[in-house]
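Me: I should like to take a close look at a single part of this molecule. Please examine it with me step by step.

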Amino acid sequence: MAISVLTAFWAVSLLFVITPGADWAYAISAGMRGRWVMPAVAGMLSGHFLATLIVAAGVGSLVAGHPLALLLLTLAGCTYLLWLGGKLLLSPAVPQGGPGDAGDSGSRWAFKGFCVSGLNPKVFLLFLALLPQFTDPQSSWPVPVQILLLGLVHLCSSLVIYLLVGYGAKAVLSTRPEAAKWVGRLSGTAMILVALGLMIGQLG
């Protein structure tokens, strides 16, 4: 693939990543919990990678062509985002420097991160619409390989931005518990709004 194509895709991908949404809200929540930023980000990136694999395998166009399957995917993702957003809104995260809640673990934060991005139909539909546009059928590289490479470029952008957001929240809000609560509530509200927007768009 041409470097110019990868650069163009990276610019578009970066615009998508730096737009606050459910992923940002989750990264901020993990940052305020202390040491769970890396597992949370790893989980979210796993969800993005799954979406890349689905599109590369050609399954994406099949799902997008079946309204019922797309509706079920949207409802599942929105239900999870509503649940997670409601928890943040009612019980906002506060800065923690110690071991955290007894129920917290890296695998738990990673799994929730995977669900935040992996069940988000917005991510899936974006990849379905975006990735194929930057492929070249005449290239010596097979189209699925090109899609995987583009997906890896996106993952690199996401890794940097989400880590900055998570650790930035930890650094800025670690000594401001009241501000952290408000940010937690805003993060929960953002998740709820994203979920409701997706549901209205799909059902409307």
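Which residues does UniProt list for "transmembrane region", and what does the chain look like over residues 37-56?

Reply: The model is a predicted one, and that should be kept in mind throughout. The unreviewed UniProt entry lists residues 37-56, 68-89, 109-131, 143-165 and 185-203 under "transmembrane region". These ranges come from the record, whereas the values below are computed from the model.

Let us begin with the part you name. Over residues 37-56 the chain is 100% helix and 0% strand. In the model, this stretch is helix 3, which has 20 residues. At 1.5 Å a residue, a helix with that number of residues should span 28 Å, and the end C-alpha atoms of helix 3 are indeed 28 Å apart, so the expected and computed spans agree. After helix 3 comes Gly58, whose phi is positive, near 85°.

A second range from the record can be examined in the same manner. Residues 143-165 are likewise 100% helix and 0% strand, and here the end C-alpha atoms lie 33 Å apart.

The setting of helix 3 is the chain as a whole. The chain contains nine helices and zero strands, so that its elements, read from the N terminus on, run α-α-α-α-α-α-α-α-α. Of its 204 residues, 42% count as buried. The accessible surface comes to about 9800 Å², and carbon and sulfur atoms account for 74% of that area.

Helix 1 (residues 3-17) shows how burial can be distributed around a helix. This helix has 15 residues and reaches 20 Å from its first C-alpha to its last, close to the 21 Å expected at 1.5 Å a residue. Leu6, Phe9, Ser13 and Val17 of helix 1 are buried. They cover an arc of only 80° around the axis, and therefore lie on the same side of helix 1. Ser4 and Leu15, on the other side of helix 1, are exposed.

Finally, consider how parts distant in sequence are brought together. Among contacts between residues at least 6 apart in sequence, 87% join residues at least 24 apart. A separate pair, described by its C-alpha atoms, involves Lys87, which lies in helix 5 (residues 67-90). Lys87 and Gly188 are 101 residues apart along the chain, yet their C-alpha atoms are separated by 7.2 Å. Lys87 counts as partly exposed because its relative accessibility is 38%, a value between the limits of 20% for buried and 50% for exposed.

Methods:
Residues numbered from 1 in each chain as written. Predicted model: local features only at pLDDT ≥ 70, side-chain atom pairs only at ≥ 80, totals over all residues. Heavy atoms only, no water. Helix = DSSP H or I, 4+ residues; strand = E, 2+ residues; numbered from the N terminus. Expected span 1.5 Å × (residues − 1). UniProt positions renumbered as here; feature names shortened; annotations may be inferred. Buried < 20%, exposed > 50% of the residue type's maximum accessible area, 1.4 Å probe, protein only. Contact = heavy atoms within 4.5 Å. Areas by Shrake-Rupley, 256 points an atom, 1.4 Å probe, with all protein chains shown as cover. Arc of directions from axis to C-beta.
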